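Here's a quick briefing to read alongside the model. Take a look at the fold first, then come back for the details.

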Amino acid sequence: MTDTKDETDVESRSLDDTLTAPVLDRSMVDPVYQAKAHVLNNAIQQIGMGKYQWELFVLVGFGWSMDNMWPIITSLILPAVSLEFNQSKPPLLSLAQNIGLLAGAIFWGFGCDIFGRRVAFNATIGVTAVFGLVAAGSPNFAAIGCFAAFWSVGVGGNLPVDSAVFLEFLPGSHQYLLTMLSIFWALAQLLATLVAWPLLGYRTCSEKDTTPCTRSRNFGWRYFLIAMGGFATICFALRFVVFTLYESPKYLMGKGRDAEAVAVVHKVARKNGKHSPLSLADLEMHNEGGQQGVDAAAALKRKLEKVSMTHVRALFRTKKLAYSTSLIMCIWAFIGLAFPLYNAYIPYTLTSRGASFGDGSTYLTYRNSLIIAVLGVPGALMGGVLVEVPLVGRKGALALSVVLTGVFLFASTSAKNSNDLLGWNCGFNFAANVMYAVLYAYTPEIFPTKDRGTGNALTASANRVFGIMAPIIAIYADLETAAPVYVSGALFLAAGALTCALPFESRGKASL
């Protein structure tokens, strides 16, 4: 009996060690921080997946939804807005949006490593909701552009912050759920297009109209913004009022606040109906010479760290880590240009190219947008399955999906009618949702917790900087030709090639 129990204990410890094995090499992270992170990983793993994490899963899903929903909202209202305000350069609206997304990614991404996760987590959707609702009353194109930039400041912070928050409370055995969050990303597109179809499909001016497009005949996009702003307000209320988010224990530990980190672990355990044996001594035993301590010198060092480049330098500490960080930033940058260069103008493309095919009605444009959105849901689910397949993992799933996204784009240039174009766009959206499901999960996993917000901010900023280039290119390129599609497809293929060179595979390993 004793032998059996010993064997069970050995197997249990072996399983725990596997689940909490770090993604990054030991030489890449401060040894004191790494030792404490391992203790906290074990504590979270012992608590397991419970009520707190499942509630957080849903609320973080709201952030994923906002990240996809609002850029899609911009693309859906673009034809109507440009007609009403007689705008000769419609992509300027997307440019304003992308500038806001960049500002949000930088502010909230870097900020959450300085002032904590809780403030950013609760504020991002609130900012989006307020300016989304206000934008419905825009009197001119300049106003809607400004409000799009402001709501995008909130949107831009959702993924850098939310991925860090969720990952830091997630047991190593359930890290695949970070990939499954992309189901919310796909459902957001489906919800936006489902609401847009009746509001924009029937209450919107058409390019075929011979009479001027007036506000009274074009109120659909304003009702649409009110509906989507209302949804964002509900999401904000559920996050801020109904749910209590605890500060990340790894963030607290990284700031030298070990006692608070232990207290948070015990709060999570109680909410899950469990007991955690973690004590303050379990963390303090790893302190060396005051590192991560709470003395005056350590406190001063942390204050100075807020205005330094400490978190950035940590991501380039070794050659391998610098290579990984640089490569993932390049991948995000290429996708940041490729995706909006095509996806942001799908309704516009469906309308303009549909008109050349003889079936570019407003109704048909938004109906096809809805059909395309439906294909995103199985794409997100497929991403969640592929990342756990042996010999495929995160890297294989990412490389395959990125390349397929580019292939479908190139294929769309062969469309001879609206049905052909719709079919290729469905394939594009399916592959793109697999791609984003994997990318959003893999990226935070390869950064250590204390620098994760900064790492997410760097990749998101690279994505947004290149995203700003997309509407600029669209302004000077003819969207009715295949030129933007070829550029976008080539960038996806290049990103797929870079993915194969990533040095870390995070499947089956715990983040530090």
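Helices and strands here are DSSP runs: H or I over at least four residues for a helix, E over at least two for a strand, numbered from the N terminus. On that basis, this predicted model has 22 helices and zero strands. Here's how the rest breaks down.

**Overall picture**
- The protein has 512 residues, and 59% of them are buried.
- Its accessible surface adds up to about 19,200 Å², with carbon and sulfur atoms accounting for 66% of that.
- Take the contacts between residues at least 6 apart in sequence: 84% of them link residues at least 24 apart.

**Around W185**
- W185 sits in helix α8, which covers residues 182-202.
- Is W185 buried or exposed? It counts as buried because its relative accessible area is 3%, and the cut-off for buried is under 20%.
- Leaving out residues up to four places away in sequence, W185 touches W64, D67, N68, F339, N433, Y436 and Y440.
- W185 and G63 are 122 residues apart along the chain, yet their C-alpha atoms are 8.7 Å apart.

**A nonpolar patch on the surface**
- Which residues make the nonpolar surface patch of about 510 Å²? They're I234, L238, F240, V241 and V242.
- One of these patch residues, F240, belongs to helix α9, which runs over residues 220-242.

How values were computed. Residues numbered from 1 in each chain as written. Predicted model: local features only at pLDDT ≥ 70, side-chain atom pairs only at ≥ 80, totals over all residues. Heavy atoms only, no water. Patch = residues over 30% accessible without salt bridge, like charges linked within 9 Å, V, L, I, M, F, W, Y side chains within 5 Å. Areas by Shrake-Rupley, 256 points an atom, 1.4 Å probe, with all protein chains shown as cover. Salt bridge = Lys/Arg side-chain N within 4 Å of Asp/Glu carboxyl O. Buried < 20%, exposed > 50% of the residue type's maximum accessible area, 1.4 Å probe, protein only. Contact = heavy atoms within 4.5 Å.
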